[in-house]
Amino acid sequence: MLMPDHESKTDTDNASKHNQKSRRDFLKKLGTLSLAGITAEQLGAVSTVRADQAVLPHIKFGKYSLSRLVCGANPFNGGSHLSVFVNQQMKEYYTTEQILKTLRRCQEVGINCWQSGKKNYELYRRFVDEGGKMHYLSIGSEPAEIKEIVNAGGIGIAHHGEVTDRLFKAGQLDKIHDYLKRVRDAGIMVGVSTHMPDVIEAIEDKGWDVDFYMACVYERHRSAADLEKLLGQAPIPVGEVYLPNDPPRMFKVIRQTTRTCLAFKILAAGRLSDRKAWVEKAFRETFESIKPNDGVIVGIYDRYSDQPAENAEYTRRFSKWA
């Protein structure tokens, strides 16, 4: 009988012996510490980040310096883009205290920016008041929220991608121009978020005053008619479809603009998280395909592993300093 993922029984036994040895080595390093005083969390920890490991490649972002890995917010807010069941699990796990704990872990491993929206700016303020030192990059589309985000310490706002794309498809992209001007007047970085390469090309052609783009590497919200043309049929239900030919299209546009781009959903909203090799491949191909002054935004769900440290290690391995 084949083992899961086609591993042999010998491979599985070897992996088990290796894990047991690693655990014994870990316990030896504890020295004279009493086992009674060690928590299960400490026993399960896979990495104590040294000072030299906590440094990530950075990019210039206006007057700021951002780590090329930015922490996303969808898992914090229960937005898995997978199913209502995963959404519920994320909401259950990510209490206010857990979000703050995860952000502190991100800071420990070298991530110095959190990308979120208006619903989290008060939590960001609390994080800073409690000693946190990460930047806050927001998305938005309502002029009234600009001042609130600035007051919370936000360093930039990107026009919300869902709204951007909806207006673009309706031939009304120019409607976001006034919002971008208001963000500029507020004295922070001006951006546009989108899931469509065509949007970036259109804004570049218009010559708008924009500092950065948030670029989803998958065009995930195609209509049933669009999917019929591409696939010959549409899935049931017509939801989020992630196609492997999408990232190269977005990467091409990212390379064509001189403006900083922050690529997001590089793991296809968690669909590429099932295997370590897939995650590694996504990080490697993304950093190979974007410019030296670009970065990535990755949502973190650290319920089962130390994802901040894991993602930071991929970033150190595959990216360079701008």
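Reader: Which strands and which helix are included in what covers the buried residues of helix 7?

Author: This is a predicted model, in which local features need pLDDT of at least 70 and side-chain atom pairs count only at pLDDT 80 or more, while totals for chains, interfaces and linings use all residues. Residues are numbered from 1 along each chain as its sequence is written, and side-chain values use heavy atoms, leaving out hydrogens and water. In helix 7 (residues 161–169), Gly161, Val163, Thr164, Asp165 and Leu167 are buried (under 20% relative accessible area with a 1.4 Å probe, protein chains only; helices are DSSP runs of H or I of at least four residues, strands E runs of at least two). Their cover includes strand 6 (156–159), strand 7 (189–194) and helix 9 (197–206).

Reader: How are helix 4 and helix 5 oriented to each other?

Author: Leu123, Arg126 and Phe127 of helix 5 meet residues of helix 4, among them Ile99, Leu100 and Leu103 (heavy atoms within 4.5 Å). The axes, lines fitted to C-alpha atoms over the stretch in contact with angles from 0 to 180 degrees between N-to-C directions, lie 11 Å apart at about 60 degrees. Angles under 35 degrees count as roughly parallel, over 145 as roughly antiparallel and 65 to 115 as roughly perpendicular, and therefore the two helices are oblique.

Reader: Which residue in the turn between strand 1 and strand 2 has a positive phi?

Author: Strand 1 (residues 58–61) pairs with strand 2 (residues 64–67) in the antiparallel sense over 4 bridges, where pairing needs at least two DSSP bridges, and His58 has Ser67 as its bridge partner. The strands form a hairpin with 2 residues between them, and the turn residue with a positive phi, about 65 degrees, is Gly62.

How values were computed
Buried < 20%, exposed > 50% of the residue type's maximum accessible area, 1.4 Å probe, protein only.
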